[in-house]
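Trainee: I am new to this structure and would like to go through it step by step, with each term explained as it comes up.

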Amino acid sequence: MTDHTVIPAGAYPDYPAIMTPEQLQGMREKARTDPDAFWLEQAQRVHWFRKPTQGFSGSFEKDVSISWFADGELNASVCCIDRHLTEKRDQVALISQREAEGRSESLTYHDLHERVCRLANALTYLGVKKGCRVAICLPMVSEAIVSMLACTRIGAIHAVLFGGFSAEGLAERLVDSGAVAVITGNMAWRGDKAVPYKDTLDEALKKAGDNSSVQFMLVVRTSDEAVPMLPGRDYDYHDFVDHFEADFVPVAMRAEDPMFMLYTSGSTGKPKAVVHATGGYMVWAAYTMGMVYTHRPNDVLWCTADVAWITGHTSVVYGPLANGGTTMISDSLPTFPYPGRWFDLIDAYKVTMLFTAPTAVRAMMAEGEVVAQKRDLSSLRLLGVAGEPISPDAWLWYHDVVGKKRCPVADTWWQTETAGVVLGPIPGVQALKPGSATMPLPGVEMVILNSAGKAEMGAADGALCIARSWPGQCRTLWKDHERFRQAYFSMAPGLYFTGDGARRDEDGYYWITGRMDDVINIAGHRLGTAEVEDILGEDHRIVECAAVGVPHSVKGQALVVFAIPNRAAVTSVDEKDVTRLIVNLIGRYAAPEAVYLVPDLPRTRSGKIVRRLLRKIASGETETLGDLSALSDPSIISTLCERVRSQMLLENKCRVHKNSEKNDIFSGVRDVS
């Protein structure tokens with residue numbers, strides 16, 4: 001697979017383009033030459049109580065200040081619901097498929113409006129008002145979306161928390177946010193594993209003690225099991241909320257009023273809460289989803305992300321609903337309770353647009369092509385991925401097997417901090433290159449800096465930065481603006497540093513090479529771990545892998561690879577095979593210090609591999625792994641630690657019998673002949 005693999009824009013006759021290439025270029029030019037006029041025009045994608053006349057104000061310099069549409073007023077729930085009630089009152093807005101309970105429900109825009117208003121009235125009755133923080137910790141059920149929208153309706157700032165956090169992790173976030181209320185469920189099922197939401201939150205509030213501002217908790221009964229309730233604090237969600245009036249006058253919000261905060265994992269230290277403003281975020285959600293995932297009549301978008309992550313905010317809730325579409329949620333897994341479960345849901349609900357993580361694509365790949373071929377999947381017209389770079393091999397499998405070569409693949413790159421897509425294709429308008437996130441959307445000015453901090457033109461690789469603000473840019477970190485400035489604006493003054501490395505080819509297409517802290521230096525050779533992962537990802541004997549750098553006394557750093565072998569492959573793969581692939585395709589300097597074949601990798605529930613944990617495990621720093629509760633399966637850590645420990649013991653025994661060992665830059669490299 002090379003950069004020269006190109007699929008023409010016109011290869012998808014069933015996917016009509018929303019504009020011509022010339023019109024797209026016109027948008028880019030207008031955004032470049034008159035950005036305020038361009039963004040004020042795009043701001044009309046959402047409903048305003050008072051339309052803005054101001055575009056951007058602020059600076060990336062010194063203290064950093066960011067403001068968009070400052071004189072405008074709006075309400076996010078109105079943008080997502082009320083504006084559609086005249087023409088789309090009876091259109092389905094939300095499909096909720098509850099795998100664990102074996103049922104589903106479909107809410108029209110009218111139904112959604114009533115539920116949101118009832119909860120807004122209930123929260124107001126309990127004392128929640130504009131500016132208050134509300135923590136939402138729910139599985140993927142209708143009440144999660146209703147809760148988010150109800151908060152925005154009254155002007156409360158929601159903080160959606162991942163249900164897999166430990167009690168300690170939840171306590172820290174509840175205290176930090178100053179949440180006055182919690183909306184949760186009694187429990188959830190992740191495959192065949194029970195997740196005790198309510199019990200964990202009870203423990204979290206005990207740990208927070210007097211530092212907590214939480215005054216009450218609404219509990220959605222997601223099972224028939226008895227739920228211990230604390231009198232005066234806990235309320236049964238539906239018993240309490242359903243009696244309130246189904247109408248609520250939305251609170252007018254200034255464009256720069258905070259809409260929500262969202263905690264990012266961070267590599268180390270205290271979790272940081274990214275703050276997004278109402279006006280800029282809603283414009284960005286509507287714009288990016290409208291450009292990349294355009295809703296047409298009868299479309300059903302299923303983004304498989306949890307609402308605890310930014311992808312769930314923008315691609316499940318605010319983007320689709322702002323554009324008047326139908327969004328679907330499910331608590332299902334792609335391979336549980338049987339291979340091809342997601343494919344059956346696609347056929348059952350006539351899903352037209354599937355948006356998931358590369359991890360899920362690789363999980364489907366591991367099931368084999370036959371599983372997909374047994375399903376119809378004819379309703380699909382667009383596929384999408386985000387969350388981490390996808391290898392060309394996985395991209396093509398997704399395109400050819402799931403999309404049956406009929407559906408373009410929108411490979412997008414974005415972050416919690418960007419709110420929505422910044423790199424991605426306009427399907428049907430731009431040619432696609434498997435593995436590339438294509439180009440910046442109009443209005444986004446990307447810059448690649450070399451090792452000297454100089455902006456490169458044309459084909460280049462280096463640090464990925466953004467040269468000027470965009471409406472969806474986060475405004476600050478909650479209660480820590482200095483950390484915000486240091487994290488994103490100190491590396492390259494005057495630019496927003498994404499933290500990622502990228503390569504831009506001769507056609508202007510971008511290829512994400514991974515986090516800059518995932519670029520390792522082996523005896524003077526710089527090696528992007530994403531490059532290693534791409535090479536291994538093309539071998540069908542390997543389901544998935546992660547490459548990390550560890551300290552080395554001679555070479556400075558050394559490469560370590562964790563790989564999941566494909567048990568269904570015709571031929572097996574061993575550690576020497578992995579090393580041989582890397583050496584043959586990159587060079588001998590890149591030979592890994594160690595290769596570990598493992599059953600799985602540590603990952604967040606959204607599917608991102610937590611490479612910092614792999615670095616620590618590979619380095620033997622297992623006493624400082626930190627809080628593991630954000631992982632989808634914390635038990636994998638002990639498995640990996642034991643695998644590394646046992647292999648190290650075996651290799652140490654082998655070294656005792658060696659007469660000598662070369663003390664050069666190839667020290668420790670295995671025989672790959």
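Trainee: How far apart do the end C-alpha atoms of residues 26-80 lie?

Mentor: This is a predicted model, in which local features need pLDDT of at least 70, side-chain atom pairs count only at pLDDT 80 or more, and totals for chains, interfaces and linings use all residues. Residues are numbered from 1 along each chain as its sequence is written, and side-chain values use heavy atoms, with hydrogens and water left out. The span is 38% helix and 18% strand, where helices (H or I, at least four residues) and strands (E, at least two) are DSSP runs numbered from the N terminus. Its end C-alpha atoms lie apart by 29 Å.

Trainee: Which helix gives the most to the largest nonpolar core?

Mentor: A nonpolar core is a set of buried (under 20% relative accessible area, 1.4 Å probe, protein chains only) Ala, Val, Leu, Ile, Met, Phe, Trp, Tyr and Cys residues joined through side-chain atoms within 4.5 Å. The largest such core has 180 residues, and Leu123 and Met282 are among those that touch the most other members. With ten residues, the greatest contribution to this core comes from helix 10 (residues 278-292).

Trainee: At roughly what angle do the axes of helix 13 and helix 15 cross?

Mentor: Axes are lines fitted to C-alpha atoms, for helices over the stretch in contact (heavy atoms within 4.5 Å), and angles run from 0 to 180 degrees between N-to-C directions. Val361, Arg362, Met364 and Met365 in helix 13 meet Asp393, Ala394, Trp397 and Tyr398 in helix 15. The axes of helix 13 (residues 358-367) and helix 15 (residues 392-402) come within 10 Å and cross at roughly 70 degrees.

Notes:
Buried means under 20% relative accessible area, exposed over 50%, partly exposed in between (1.4 Å probe, protein chains only).
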